[in-house]
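Let's take a walk through this one together. Have the sequence and the coordinates open side by side, and we'll stop at a few spots along the way.

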Amino acid sequence: MSRHIAIHGVILGGVCLAFGALMTGVHMVTAEPIALRAIEAKQASLAQVIPAALHDNDPSTDHLTLARADGKAVTVYRATKAGSVTGLAYEVSGSGYAGEIRLMMGVDAEGRLLGVSTLSHKETPGLGDKIEAKKNPWITRFAGLSLGEPPVEKWKVKKDGGQFDQFSGATITPRAVVGAIRGGLEFFADNKSKLLEAR
Amino acid sequence: MIYNYRRIARDGIWDNNGVFVMMLGLCPAMAMSNSATNGFGMGLATALVMTGANALVSALRHVVSHEVRVPAYITIVAATVTSVDLAMKAYMPALYNVLGLFIPLIVANCVPFARIEAFASKSPILPAAADGLFMGLGFTLALTVLGAFREVLGSGTLFADASLLLGPAFKAIEMRLFPAEAGVLLMILPPGAFIGTGILLVGKRLIDARMNRGIQAGTAHCTVEG
């Protein structure tokens with residue numbers, strides 16, 4: 001009986017070993033293309049918020065990490081032209097109707113928004129998903145705005161006394177997005193000298 | 001034993017369809033059928049895994065003893081799924097962005113296990129692979145039809161984003177049938193998956209019943225209804 005158990009153990013161990021080896025092989029072959037795809041995805045998401053005309057470097061490789069006011073680390077990607085910083089891009093997030101909304105926002109050296117794009121969200125299809133640029137142009141209206149324009153107390157959805165439209169049937173989603181962008185602009189204002197410092 | 005490949009194909013795609021007859025694999029079927037394109041992509045990934053896993057299990061059927069077959073088969077399916085997952089991540093990033101989260105779920109799909117236990121572990125490699133392929137295609141058919149049904153009613157489109165999945169040549173099959181505002185939102189939300197599955201199940205039973213009646217009328221032969 002105990003011999004039988006040993007045989008089964010050897011069989012199962014052999015199968016596990018063989019398929020473990022197979023997966024190691026697949027991982028070795030695909031590791032490099034996967035890393036490349038991740039870089040391409042990063043570049044594509046940065047290109048949406050920093051116009052190509054603004055920089056002569058590759059912002060996806062020029063990054064620094066700063067601590068936000070609440071202690072969270074933020075990775076900032078920097079666009080430079082002839083050595084001076086012309087734009088910054090970083091991720092901000094807000095808590096939407098159904099979980100976290102992740103946004104990538106780009107600002108220029110004066111703190112004006114270059115653009116905002118939605119990286120991921122779990123909002124209700126047909127209501128909250130209008131924050132995706134391909135579904136609704138709403139998210140593009142932030143370009144050109146900054147912390148003083150509109151004034152900071154107006155950086156809210158209309159329902160809260162601010163100046164940004166909410167969608168019909170969805171207030172929580174735009175409120176989270178507007179709040180996240182305002183937070184991102186405040187982060188820029190707090191860290192302006194560090195962010196723009198030449199390296 | 002001679003394997004009838006036409007029978008295998010017919011069983012996999014229609015007579016013994018994983019979703020509409022066996023009622024297995026409903027988790028990915030429900031989760032990934034909010035559009036025809038998603039359903040199609042998920043179905044093809046499952047078909048790929050099933051073909052590979054069935055062939056591997058069949059090749060090892062004399063090595064793996066009866067007592068340890070379940071953990072051994074789980075290892076084989078998991079390794080196949082992981083390989084497909086990594087390969088998609090490396091070579092099909094657009095598709096991976098859509099399906100990525102759900103590929104590991106194939107491990108928990110009952111259809112591959114059902115076919116391994118019922119067929120692949122008792123058959124030579126070729127019929128086992130064919131069974132996996134056709135069962136997978138049947139799953140693809142079910143998910144695509146369910147996805148199309150939900151997408152048309154819910155968002156008024158058909159095969160939206162197919163060009164992301166299949167390449168720019170397929171831009172032509174992306175259709176907008178009516179404006180998104182007119183869609184029944186419920187259909188692309190989770191409850192729509194249950195409602196859609198139920199309606200399509202009735203549809204398939206009606207087609208089967210009609211076909212059976214045709215056969216019976218043709219042979220003028222009386223059978224007892226089960």
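Where does T171(A) sit in chain A? You'll find T171(A) in the loop between strand 5 and helix 2 of chain A. Keep in mind as you look that this is a predicted model. T171(A) has a relative accessible area of 15%, so it counts as buried, the limit being under 20%. Leaving out residues up to four places away in sequence, T171(A) touches V157(A), K159(A) and Q166(A).

Stay in that loop, because there's more to see: E132(A) also lies between strand 5 (113-120) and helix 2 (172-196) of chain A, and with a relative accessible area of 18% it is buried. Once its neighbours within four places in sequence are set aside, E132(A) is in contact with T118(A) and H121(A). For a sense of distance, try E132(A) and A176(A): they are 44 residues apart in sequence, and their C-alpha atoms are 14 Å apart in space.

The loop has a backbone detail worth a look too. P150(A) is placed between strand 5 and helix 2 of chain A, and the peptide bond joining E149(A) to P150(A) is cis, with omega about 5°.

Now for some unusual phi angles. In chain A, go to the loop between strand 2 (73-81) and strand 3 (84-96), where A82(A) sits. Phi of A82(A) is near 50°, which is a positive value in a residue other than glycine. A82(A) is exposed, at 73% relative accessibility. Chain B offers another case in F159(B), a non-glycine residue whose phi is positive, near 55°. F159(B) is in the loop between strand 1 (157-158) and helix 8 of chain B, and at a relative accessible area of 24% it is partly exposed.

While you're in chain B, have a look at the second largest pocket. Its volume is about 220 Å³, and 13 residues line it. Nearest the centre of this pocket lie A45(B), L48(B), M88(B), M92(B) and L95(B). The elements giving two or more residues to the lining are helix 3 (36-59), helix 4 (69-91), helix 5 (93-99) and helix 8 (162-166) of chain B. What is the chemical make-up of that lining? Eleven of the lining residues are nonpolar, two are polar and none is charged.

On to the cysteines. How many disulfides are there over all chains? The count comes to zero. C27(B), for one, is in no disulfide: the nearest cysteine sulfur belongs to C110(B) and is 9.1 Å away, whereas a disulfide would need the pair within 2.5 Å. C27(B) is partly exposed, with 48% relative accessibility. Over in chain A, C16(A) is partly exposed as well, at 37%.

Finally, how far should you trust what you see? The predictor gives the complex an ipTM of 0.76 and a pTM of 0.77. For chain B the mean pLDDT is 86, with 94% of its residues at 70 or more. Within chain B, confidence is highest in helix 7 (residues 125-155), at a mean of 94, and lowest in helix 8, at 74. Over residues 220-226 of chain B the pLDDT is below 50, and this stretch has three contacts in the model beyond near neighbours in sequence. Where pLDDT is low, the predicted coordinates should not be read in detail.

Note on methods:
Residues are numbered from 1 along each chain as its sequence is written. Chains are lettered from A and ligands numbered from 1 in the order in which they are written. This is a predicted model: local features need pLDDT of at least 70, side-chain atom pairs count only at pLDDT 80 or more; totals for chains, interfaces and linings use all residues. Side-chain values use heavy atoms; hydrogens and water are left out. On a 1 Å grid over the protein atoms alone, a cavity is a set of points where a 1.4 Å probe fits but cannot get out, and a pocket is an open set with protein on both sides within 12 Å along at least five of seven lines; lining residues have an atom within 4 Å of a point. Grid points are joined across faces, edges and corners, and a volume is the space filled by probe spheres set on the points. Helices (H or I, at least four residues) and strands (E, at least two) are DSSP runs, numbered from the N terminus. Ala, Val, Leu, Ile, Met, Phe, Trp, Tyr, Cys and Pro count as nonpolar, Asp, Glu, Lys and Arg as charged, and the others, Gly among them, as polar. pLDDT is the predictor's confidence in each residue, from 0 to 100. Contact means heavy atoms within 4.5 Å. Buried means under 20% relative accessible area, exposed over 50%, partly exposed in between (1.4 Å probe, protein chains only).
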